[in-house]
Amino acid sequence: MPLNIRTGDILELKKQHPCGGKEFEVMRAGMDFRVKCLTCGAQLRLSRPKLEKRVRKIKTGES
Ligand SMILES: [Zn+2]
């Protein structure tokens, strides 16, 4: 079942960024996702299946 990931959500990923951060903000949602590391500010582009596999938790800002 696909996860409901939306722009603005904060994601906690299983695999941390090389900078040590685990929390990422969703900048763009769609076929591909763009997420920003909240620790160092780097942006990554991930396909949906790849991102869904890495998500540990969705910390939604708004409901
Ligand atoms: Zn980072």
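Let's start in the middle of the sheet: glutamate 12 has glutamate 23, in S2, as its bridge partner. That pair belongs to the antiparallel pairing of strand S1 (residues 10–13) with S2, which runs over three bridges. Everything here comes from a predicted model, so take the details below as features of that prediction.

**The overall plan**

Zooming out, the chain has one helix and five strands. Along the sequence they follow the pattern β-β-β-β-α-β. The radius of gyration is 10 Å, close to the 11 Å that the globule rule gives for 63 residues, so the chain is as compact as a globular protein of that length. Along its principal axes, the C-alpha trace spans about 30 × 25 × 20 Å.

**The sheet**

In what order do the five strands sit in the sheet? They go S4-S3-S2-S1-S5, in an open sheet with antiparallel pairing. Strand S4 (43–47) and strand S5 (55–59) stand at the edges with a single partner strand each, so one side of each has no neighbour in the sheet. From one strand to the next, the twist averages 35°.

Here is how three of the strand pairs look, with an opposed residue pair from each one:

| Strand pair | Bridges | Opposed residues |
|---|---|---|
| S1 and S2 | three | glutamate 12 and glutamate 23 |
| S2 and S3 | four | arginine 28 and arginine 34 |
| S3 and S4 | five | lysine 36 and glutamine 43 |

Strand S2 (residues 23–28) and strand S3 (residues 32–37) run antiparallel and form a hairpin with three residues between them. Phenylalanine 24 also pairs across to S3, where it stands opposite cysteine 37. Moving on to S3 and S4, their hairpin has five residues between the strands, and glycine 41 takes a positive phi near 85° there.

**Two faces of S3**

In a regular strand the side chains alternate between the two faces of the sheet. S3 shows a nice split: Phe33, Val35 and Cys37 make up the covered face, while Asp32, Arg34 and Lys36 lie on the uncovered one. Two residues of that uncovered face turn up in the table as well: arginine 34 stands opposite arginine 28, and lysine 36 stands opposite glutamine 43 in S4.

**The core**

In soluble globular proteins, nonpolar side chains tend to be buried together. Which residues make up the largest nonpolar core here? There are eight of them: Leu11, Leu13, Phe24, Val26, Phe33, Val35, Cys37 and Leu51. S1, S2 and S3 each supply at least two residues of this core, and the largest share, three residues, comes from S3. The covered face of S3, with Phe33, Val35 and Cys37, is part of that eight-residue set.

Valine 26 is a good residue to click on. Leaving out residues up to four places away in sequence, valine 26 touches Ile5, Arg6, Thr7, Gly8, Asp9, Leu11, Phe33 and Val35. Among those, Leu11, Phe33 and Val35 are fellow members of the core.

**The chain as a whole**

How much of the chain is buried? Buried residues make up 13% of the 63 residues. As for contacts with a separation of 6 or more, residues 24 or more positions apart account for 32% of them.

Definitions and conventions: Residues numbered from 1 in each chain as written. Predicted model: local features only at pLDDT ≥ 70, side-chain atom pairs only at ≥ 80, totals over all residues. Pairing = 2+ DSSP bridges. Axes fitted to C-alpha atoms, helices over the stretch in contact; angles between N-to-C directions. Buried ≥ 20, exposed ≤ 12 C-beta atoms within 10 Å, placed from the backbone. Core = buried A, V, L, I, M, F, W, Y, C linked by C-beta atoms within 7 Å. Contact = placed C-beta atoms within 7 Å. Rg over C-alpha atoms; globule rule 2.2 N^0.38 Å.
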